[in-house]
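Student: Please take a close look with me at a single helix, starting from one charged residue in it. I would like to follow its contacts outward and see what the surroundings look like.

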Amino acid sequence: MKVAVLLTTFNRKQKTMACLASLLAQELPDGIHLEIFLTDDASSDGTAQAVEERFPEVHLFSGTGTLFWAGGMRNTWRKAIGHNPDFYLLINDDTLLSPTAVASLLNNENKVDLSRAHAWISIGSTRDENSGKISYGGWKLLSRFRWKSERIHSGQDFADCDFGNANIMLVPKAIVEKIGILADHFTHSLADYDYTLRAKKAGFGVRVAPGFLGSCVDDHGNNWKPQKSTLTERVNYLKSPKGLAYHEYLRFIKDHFPLSYPSAFCKLWVKTFFPFIWENFKR
């Protein structure tokens, strides 16, 4: 059974190398083969050269320097499809996998018939080693119609969820054949949330594996600029793919939670024009 591992990177050589080392150190069940595919988005820190020298078995592709996360992952995914794997394992390049992470994910998939419409996306939770808290994983919606959710995590059992982060995400071939890969209209963030929500709508499942399958620092911080920043800086952040991604975020809300569109629209502009109000509101 072949698992295509999908990654993208930009100027994070040390983290990328550590991630690849953790992948190649996996304790795999008999008959499981990992094939790694990586897009280097024109890094200037020597990432591509380091990968070629230390991990020559990795399929390495070059980006334009403008792909961001979602674009880089789509590029990697399209390259991997031609190798006809049984699974696609999406990994963020700053994630360190535990030695049994892949085996744990496959343990979930072995419990379902992958040829039927009830295949599952399996999400692996990560821990922030700085804080000791969960950093990425799966989420459960608190409403069918509004963008409100809580984190789902179990130390013992697989838990059903509605959407999740692609820091560690295993997708069976059957799901890709039905809904494709990450949507083209996302540049950086939200593409993994959108993908898992679309999978649910198509009749597939999404589950979170028990425990922690790796570590990854939650480095996102506040998703708004403080009052001391200039209005120009805040407007640029509103439109930036690595900021609030204004148009992409509103499209995401419109596609999945249309009743939340008016409030989402207002919140984006409050964060931009009146961040001091937003900061007090968040408290």
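Tutor: Let's start with Asp-194, which is buried because its relative accessible area is 3%, where the cut-off for buried is under 20%. Keep in mind as we go that this is a predicted model.

What does the side chain of Asp-194 meet in a salt bridge? The partner is Arg-198, with 2.9 Å from N to O. Both residues belong to helix H6 and sit 4 residues apart, about one turn of the helix. Arg-198 has a relative accessible area of 22%, so this residue is partly exposed. The pair therefore joins a buried Asp-194 to a partly exposed Arg-198. In general terms, side chains of opposite charge can pair when their charged atoms come close.

Now widen the view from the helix to the space beside it. Helix H6, spanning residues 191-201, gives the most to the lining of the second largest pocket, with 3 residues. That pocket holds about 160 Å³ of space. Among the residues lining the pocket are Leu-197, Lys-200 and Lys-201. The lining also includes Leu-141, Ser-143, Arg-144 and Asp-162, as well as His-256 and Phe-257. Sorted by character, the lining has 4 charged, 3 nonpolar and 2 polar residues.

Leu-141 in that lining takes us to strand S9, which covers residues 138-141. Strand S9 belongs to an open sheet of 3 strands, ordered S10-S9-S12 and paired antiparallel. Strand S10 (149-152) and strand S12 (163-164) stand at the edges with a single partner strand each, so one side of each has no neighbour in the sheet. Strands S9 and S12 run antiparallel and are joined by 2 bridges. In one of the details you can pick out by eye, Gly-138 has Gly-164 in S12 as its bridge partner. As a general point, strands of a sheet pair through backbone hydrogen bonds, either parallel or antiparallel.

Back to charged pairs, where the contact inside the helix has company. How many salt bridges are counted in the model? The count comes to 9. One of them brings us to the loop just before our helix: the side chains of Asp-184 and Arg-78 meet at 2.7 Å, N to O. Asp-184 lies in the loop between helix H5 (173-179) and H6, while Arg-78 lies in helix H3 (residues 68-81), so the two are 106 residues apart and the pair links distant parts of the chain. Asp-184 counts as exposed because its relative accessible area is 57%. Arg-78, at 47%, is partly exposed.

Another salt bridge joins Asp-160 and Arg-207, whose closest N and O atoms are 3.4 Å apart. Asp-160 sits in strand S11 (residues 159-160) and Arg-207 in strand S14 (residues 205-208), so the pair ties together parts 47 residues apart in sequence. Here the aspartate, Asp-160, is partly exposed at 40% relative accessibility, whereas Arg-207 is buried at 19%. Contrast that with the pair in our helix, where Asp-194 is the buried partner and Arg-198 is partly exposed. Elsewhere, Arg-12, Asp-93 and Asp-94 are linked in a network of salt bridges.

And what about covalent links between side chains? A disulfide is a covalent bond between the sulfur atoms of two cysteines. The structure holds 0 disulfides. Take Cys-216: the closest cysteine sulfur is that of Cys-19, 9.0 Å away, which is too far for a bond. Cys-216 is buried, with a relative accessible area of 2%, while Cys-266 is partly exposed at 45%.

To finish, here are two helices for comparison with H6. Helix H4 (residues 101-109) contains Ala-101, which is buried at 1% relative accessible area. The C-alpha atoms of Ala-101 and Ala-245 are separated by 32 Å, with their positions 144 residues apart along the chain. Helix H2 (residues 47-54) contains Ala-48, which counts as buried at 18%. The C-alpha atom of Ala-48 is separated by 12 Å from that of Phe-37, 11 residues apart along the chain.

How values were computed: Residues are numbered from 1 along each chain as its sequence is written. This is a predicted model: local features need pLDDT of at least 70, side-chain atom pairs count only at pLDDT 80 or more; totals for chains, interfaces and linings use all residues. Side-chain values use heavy atoms; hydrogens and water are left out. On a 1 Å grid over the protein atoms alone, a cavity is a set of points where a 1.4 Å probe fits but cannot get out, and a pocket is an open set with protein on both sides within 12 Å along at least five of seven lines; lining residues have an atom within 4 Å of a point. Grid points are joined across faces, edges and corners, and a volume is the space filled by probe spheres set on the points. Ala, Val, Leu, Ile, Met, Phe, Trp, Tyr, Cys and Pro count as nonpolar, Asp, Glu, Lys and Arg as charged, and the others, Gly among them, as polar. Two strands pair if DSSP finds at least two bridges between them. A salt bridge is a side-chain nitrogen of Lys or Arg within 4 Å of a carboxyl oxygen of Asp or Glu. Buried means under 20% relative accessible area, exposed over 50%, partly exposed in between (1.4 Å probe, protein chains only). A disulfide is a pair of cysteine sulfur atoms within 2.5 Å.
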